[in-house]
Amino acid sequence: MPDASPRRPRVLSGAQPTADSYHLGNYFGAFKQWVALQDDFEAFYFVPDLHAITVEYDPALLRERTYVAAAQMLAAGVDPDRSALFVQSHVPEHAQLAWVLGGVTGFGEASRMTQFKDKSAKGGQDSSSVGLFTYPILMAADILVYQADRVPVGEDQRQHVELTRNLAQRFNHRFGETFTVPEAHIVKATAKIYDLQDPTAKMSGSNASHAGVVDLTDTAKQAAKKVRSAVTDSGTEIRFDPQEKPGIANLLTIFSALTDRPVDDVVAEFEGQQYGHLKVALGELVGDFVQSFGDRTRELLDDKGELDRVLAQGAEQARSVAVPTLELVYERSGFVAPAGSR
């Protein structure tokens, strides 16, 4: 049954290593929140490399991107002494639990997942892998194997958390209380960062053009240039209006997020000034931020041995929770326990 011993509530989240770097949107939309959650939650943060192979990929590139992902999570402030930071494939219980959950998931239920429909629509279902189709079931296993109470996600992932809740409740009903039923943890105050060239689309590494994406590995010069080249709106007044002025609103949001100041304060600072003044000032801020972040990331990547040690420590901590969960699931599922383990 769910762990009944006194403990802090658990939180679980991950970010796929499918690009050469995370970007500014990842930092403010996820990592900054992860760091804050470490204060009140028993946190499990991971690099979902198993999820990354559901589409065509290069093995050598995946391996390097996994290291970069871990280094950037650490650079963002994930503390391995307060959180378990690990690589998904280092904890085999994720995949083992996913297979069991597949047995209680309806085909129609899985077919309705919008992310699969969106991704398969681009290349056609015949070119989509079974792994992409069952991705939400593995995500459910990621969450349930740690008896997580909360899952920090964006609105686009809420459907997957609902599936996870349904599977947990279904398994509990059929086989007895086994899983904690998690809640989506959507932070209302999270800064939503949009593409600098298309401020109606969220900043994403998968965007066709990368000109509007500020990578956390960009140099200060590269980042500042992207900000100065950002698309703005008609008129000259600097005000926060996401509907009428999405370009300026996006720049103000980034400025506010980087300085931890209310947007209204930023608007007041630039009252009566031209768009160019805001862009130059923000470009310097963003440039300084990514330069510092990049220096810390490169420092971590220069010592792969220490990164391996941190990830091994995180996997050990993760398995201390995942193994008992899977053992209980196997027992409830009717599997014969290996000799010597009874």
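Which residue of strand 3 does Phe44 stand opposite? In this predicted model, in which residues are numbered from 1 along each chain as its sequence is written, local features need pLDDT of at least 70, side-chain atom pairs count only at pLDDT 80 or more, and totals for chains, interfaces and linings use all residues. Side-chain values use heavy atoms, with hydrogens and water left out.

Phe44 stands opposite Ala84. Strand 2 (residues 42–47) pairs with strand 3 in the parallel sense over 5 bridges; pairing requires at least two DSSP bridges between strands. Helices (H or I, at least four residues) and strands (E, at least two) are DSSP runs numbered from the N terminus. Together with helix 2 (residues 59–76), the two strands make a right-handed β-α-β unit: with the strands pointing away from the viewer, the path from the first strand over the helix to the second runs clockwise. In strand 3 (residues 83–87), 5 of 5 residues are buried, that is, under 20% relative accessible area (exposed being over 50%, partly exposed in between; 1.4 Å probe, protein chains only). Ser83, Leu85 and Val87 point one way from strand 3, and Ala84 and Phe86 the other way.

The largest nonpolar core (buried Ala, Val, Leu, Ile, Met, Phe, Trp, Tyr and Cys residues joined through side-chain atoms within 4.5 Å) has 60 residues, of which Leu24, Phe31, Met73 and Val286 touch the most other members. A second, separate core of 38 residues includes Leu101 and Phe179.

Thr297 lies in helix 11 (residues 275–301) and is buried, with a relative accessible area of 2%. Leaving aside neighbours within four places in sequence, Thr297 is in contact (heavy atoms within 4.5 Å) with Ala71, Gln72 and Ala75.
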